[in-house]
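Let's take a walk through a protein fold together, one piece at a time. Keep the picture open beside the text and look for each part as it comes up.

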Amino acid sequence: MKLQTKINIRFLAFTFLVFSIAGVLFYFALDKVVNQNIREMLESRKAYIIISLLQNPPTVDTIESTDHSIFIKRINNTLEYKRFSDTLAFDQEEKELIPFRKMTFSVHSGNQHYEVVLLQSLLESEDLQVVIFSFMAALFGIVLLALFFLNRWLSNKAWNPFFKSLSVLSSWKIGEARPVSFDRTGISEFDQLNSTLENMMQKIQADFINLKEFTENASHEIQTPLAIIKSKLEMVLQDKTLNDQQNNRIHAAFESAIRLSKLNEALLLLSKIENRQFVETAEIDICQLIQSRLEYLEELFALKQIGVTVCLEKQVTFKMNSLLADILISNLLSNALRHNIEKGKIVISSENQGITISNTSEQGEMNVSRLFRRFAKQVTSSESNGLGLAIANEICNNYNLQLSYRYSNELHCMTIRQKS
Amino acid sequence: MKILVIEDEQALCETIVSYLEEEGYRCEQAETVKLGTEKVNLYEYDCMLVDIGLSDGSGLSLIKELKKCHPETGIIIISAKNSQDDKISGLDLGADDYLTKPFHLPELNSRIKSLLRRRKFEGKQELVIDKITIHPENRQVLVGSEPLQLTRKEFDLLMFFVSNRGRVLTKESIAEHLWGDFADAADSFDFVYSHIKNLRRKLVEKSGIDYFRNVYGTGYIFQV
């Protein structure tokens, strides 16, 4: 949930609660005032009627006003009383039952006793109450809405620098030469955050570049001494006076030097790919490339008695560097060959903008999470340096291609597809 | 045959030179573009090996220089791996061949031989080794007077051995000669073994002589 939404919801809930309590209180207050008012009106009518009765004692036993709001009756009771009650009565004008407040009291004038009933319509006051209350409710609603929008606008404005910084951060890629810069916001908290981020990113960038340069320089510098070691050993191997054991030992050293130098080459290649030093791109016809590589490998397949099924009906082209395309395909084909079994099979097929190379192997399903990592050898084979798939994956990453692995029907399938 | 080796790594240069001298070439060394330019202008060579990344500049300028004064000299570029640009611009300038470092010395030797053959004899030279006669230009092999049928790889293999007669050829260098980058793609040593077995069998059948000798655990020698 967005912070803003969260704050807004709490704010609105709180305001609503306050308004509800205020509304309830307001209702009771209003009710009390209206009741008071009606009582006062009845009291004033009562005073008037008492005076009238005293001045002009009625000659009949009962008197009723035309609008039925006053009813006077002679009684024999000498008790003093006054009662209030609510009642419903039919109103001629409204043609319906409407609520009335009824006041019943006794009047004593000399030896005459009367009971007076006064009715006061509650309709108007109720109407008034409804009007006032709905007006207040509407006002609350408007205030609530206004507060909601104000709050949203304010927090949008206040959080704007934060979102700007966030977008700068998310578009940042380590190793990219472009320097990071945040706009000044004029808000000290955000400026502080931005400057901290800037320093941190610069430091990370510098460390990263240092480390990368070190790796590159190291591999580069190792190359020459290795070449010397190799050629010197090769010279020693030419010595006919060596016995078998000496020969073997030198050959082992020679072998290791070759492995080391191949490993080093692969590492250099990886860092070159990562540095995007292969700039030139062209539309590469992958099917054609595979065909030409297959011709080259034909014999190696034959020697291992591997059945190769090629189904490249759909044409697949990727926009990439030609050398890297070559390395990518070579690596995948080499893998399919190297990890294959005698009399195994390789299936190469093309589908919509994708190529799949599948092969049999004595190993079961591979661990996908480790597969594309450097030196993540799943078998200890001296001929594999554990970088082939890491290189293939890095090449794919460079050209927005997806290299994925699947294991089905005892086939290890590697698929290259254009990322959508 | 005179060869100029331009390589700024002293030790590597010495090894190359001593290997080539054992093959009977006369070699001269230069470590910088400056020295190389001097030599190229002063003397004539049959072949020049040139490293692209030299301490005082690019070997490509030397190729230009050489093409100006001695266009008939063969040129082989030696350069770091994966620098496709160097390779293309070198070949555009007129270099004949390209080897990536690190390379096997027998490979260099066979490349030089094939280059010189092409340059000097337009490939029409006949190679006669004991009972074997090879016509490199049409990939024909005769044992005595009878033609010997060889597969493409077997022929390449024979040429490689013949070029490096009397040398120990390691399994690694053979595999790389035959399959290049794919050398470590498969159990290529087994394949090297089976190729050599076949070639050996064919040669023995026709000539009755086994020219190959195993060097235990290391590789093979072709000797007469």
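Start with one pair of residues: A:Gly354 stands opposite A:Arg417, which belongs to strand 12 of chain A. Bear in mind that this is a predicted model. A:Gly354 lies in strand 10 of chain A (residues 354-359), and that strand is joined by six bridges to strand 12 of chain A (residues 411-418), the two running antiparallel. Another bridge partnership you can look for is that of A:Ser358 with A:Cys413 in strand 12 of chain A.

Now turn to strand 11 of chain A (residues 401-408). Eight bridges connect strand 11 with strand 12 of chain A, again in an antiparallel arrangement. Here A:Leu401 has A:Gln418 of strand 12 of chain A as its bridge partner. Strands 11 and 12 of chain A make a hairpin with two residues between them, and A:Asn409 in the turn has a positive phi of about 50°.

How do these strands fit into the sheet? In chain A, five strands form an open sheet in the order 7-9-10-12-11, with mixed pairing. Strand 7 (307-311) and strand 11 of chain A are at the edges; each has a single partner strand, so one side of each has no neighbour in the sheet. From one strand to the next, the twist averages 15°. As a general rule, strands of a sheet pair through backbone hydrogen bonds, in either a parallel or an antiparallel way.

Next, look at the helices that lie across the sheet. Helix 8 of chain A (residues 388-398) lies across strands 11 and 12 of chain A, at about 135° to strand 11. Helix 5 of chain A lies across strands 7, 9 and 10 of chain A and runs at about 170° to strand 7.

Helix 5 of chain A (residues 286-303) also packs with helix 6 of chain A (residues 322-338), at an angle of about 40° and with their axes 10 Å apart. This angle makes helix 5 of chain A oblique to helix 6 of chain A. The crossing of these two helices is right-handed. Among the residues that meet here are A:Leu289 and A:Leu297 from helix 5 of chain A and A:Ile329 and A:Leu333 from helix 6 of chain A. By class, this contact between helix 5 and helix 6 of chain A has 10 nonpolar, one polar and two charged residues.

Finally, how many residues does each chain give to the contact between chains A and B? Chain A gives 36 residues and chain B gives 31. On the side of chain A that touches chain B, helices 3, 4, 5 and 6 of chain A each give two or more residues. The largest share there, 12 residues, comes from helix 4 of chain A.

Note on methods
Residues are numbered from 1 along each chain as its sequence is written. Chains are lettered from A and ligands numbered from 1 in the order in which they are written. This is a predicted model: local features need pLDDT of at least 70, side-chain atom pairs count only at pLDDT 80 or more; totals for chains, interfaces and linings use all residues. Axes are lines fitted to C-alpha atoms, for helices over the stretch in contact, and angles run from 0 to 180 degrees between N-to-C directions. Helices (H or I, at least four residues) and strands (E, at least two) are DSSP runs, numbered from the N terminus. Angles under 35 degrees count as roughly parallel, over 145 as roughly antiparallel, 65 to 115 as roughly perpendicular and the rest as oblique. A crossing is left-handed if the near helix is turned anticlockwise from the far one by less than a right angle, and right-handed if clockwise. Two residues are in contact if their C-beta atoms, placed from the backbone, lie within 7 Å. Ala, Val, Leu, Ile, Met, Phe, Trp, Tyr, Cys and Pro count as nonpolar, Asp, Glu, Lys and Arg as charged, and the others, Gly among them, as polar. Two strands pair if DSSP finds at least two bridges between them.
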